[in-house]
Amino acid sequence: MRQKIVAGNWKMNKTLQEGVQLAIEVDKLVAALKNNDVKVIIAPPFIHLTEVKKTVKSGISIAAQNCASEDSGAYTGEVSATMVKSTGAEYVIIGHSERRQYYNEGNKLLFKKTQLALTNGLIPIFCIGEVLAERELNKHFEVVKSQIVEGLFDLSVDDFKKVVVAYEPVWAIGTGKTASSDQAQEIHKFIRDTIATKYGQAVADGISILYGGSCKPSNAKELFAKPDVDGGLIGGAALVASDFIGIVTGF
Ligand code: PGA
């Protein structure tokens, strides 16, 4: 069985104090869940990582939203995978579309970040997804394929097995416009098939593929019911504890 995952990406929201408060609320709600088999992850800003890690007691894991493409040295303003790991975080989001779009992060650089994350014992949540124009030109399959091939396929099989993939159509992020569950299933299956061509079906079947893009309590159930949708990467709805938990209970 694949791991079911719901990860909350707080993006650049919440002061440290507000973030700790939100973590306390989410933690309480997760602790109260009965027979929960969903891995719950929260990804606050870098400076919150240590405090949020200390705050949660319910088995929630912590993720960073990014890490540097170099290990250490004179890279002012950057935060390395080693540093992220030292906070107690277990995951790191790599290649979020906002990083690709606003900070020009390409597949080659993202592969380097992924390798560094893995070397440091972090699990990468590797994001892929097409923009609206690509979807309209029916190029979304081609786009996600090249993101996977260039971003991940130079990993050894043992490293690849640790990766979580998040499919996030850029046109659905923060827009209130969600991919339909059929659209999500179609491309998640395509992603899994693409992985199988490189690493074999057994490995592909073990990889959790998350959906992201305006996922909320009202649509999570339908999305998560699809056979190749193993959970969600949640932005806006992760900023309200009850909404976030409403998604976690969507399985
Ligand atoms: P959203 O963001 O849920 O606000 O659309 C998702 C994401 O960017 O991970």
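This dialogue covers the pockets and the ligand of a predicted model.

Biologist: What should I know about the model before reading it?

Modeller: It is predicted: local features need pLDDT of at least 70, side-chain atom pairs count only at pLDDT 80 or more, and totals for chains, interfaces and linings use all residues. Residues are numbered from 1 along each chain as its sequence is written, and side-chain values use heavy atoms, without hydrogens and water.

Biologist: How is empty space found, and what volume does the largest pocket have?

Modeller: Rolling a probe the size of a water molecule over the atoms shows where empty space is left. A pocket is an open set of points on a 1 Å grid over the protein atoms alone, where a 1.4 Å probe fits, with protein on both sides within 12 Å along at least five of seven lines. Volume is the space filled by probe spheres set on the points, joined across faces, edges and corners. Here the largest pocket holds about 420 Å³.

Biologist: Which residues line the largest pocket?

Modeller: Lining residues have an atom within 4 Å of a point. There are 14, and closest to the centre are Lys 11, Met 12, Gln 65, Arg 99 and Tyr 103.

Biologist: Which pocket does the ligand take?

Modeller: A molecule sits in a pocket if more than half of its atoms lie within 2 Å of its grid points. The ligand takes the second largest pocket, with a volume of about 240 Å³. Of its 19 lining residues, the closest to the centre are Gly 174, Ser 214, Gly 235, Gly 236 and Ala 237.

Biologist: What surrounds the ligand?

Modeller: The shell (heavy atoms within 4 Å) has 13 residues, with Lys 11, His 96, Glu 168, Gly 174 and Ser 214 the closest.

Biologist: Where are the polar contacts?

Modeller: A polar contact is a pair of N or O atoms within 3.5 Å. A side-chain N or O atom of Lys 11 is 2.7 Å from a ligand oxygen. A backbone N or O atom of Ser 214 also lies 2.7 Å from a ligand oxygen. For a polar backbone atom of Gly 236, the distance to a ligand oxygen is 2.8 Å.

How values were computed. A polar contact is a pair of N or O atoms within 3.5 Å; within protein, one must be able to donate a hydrogen and the other to accept it, and residues adjacent in sequence count only if both atoms are side-chain atoms.
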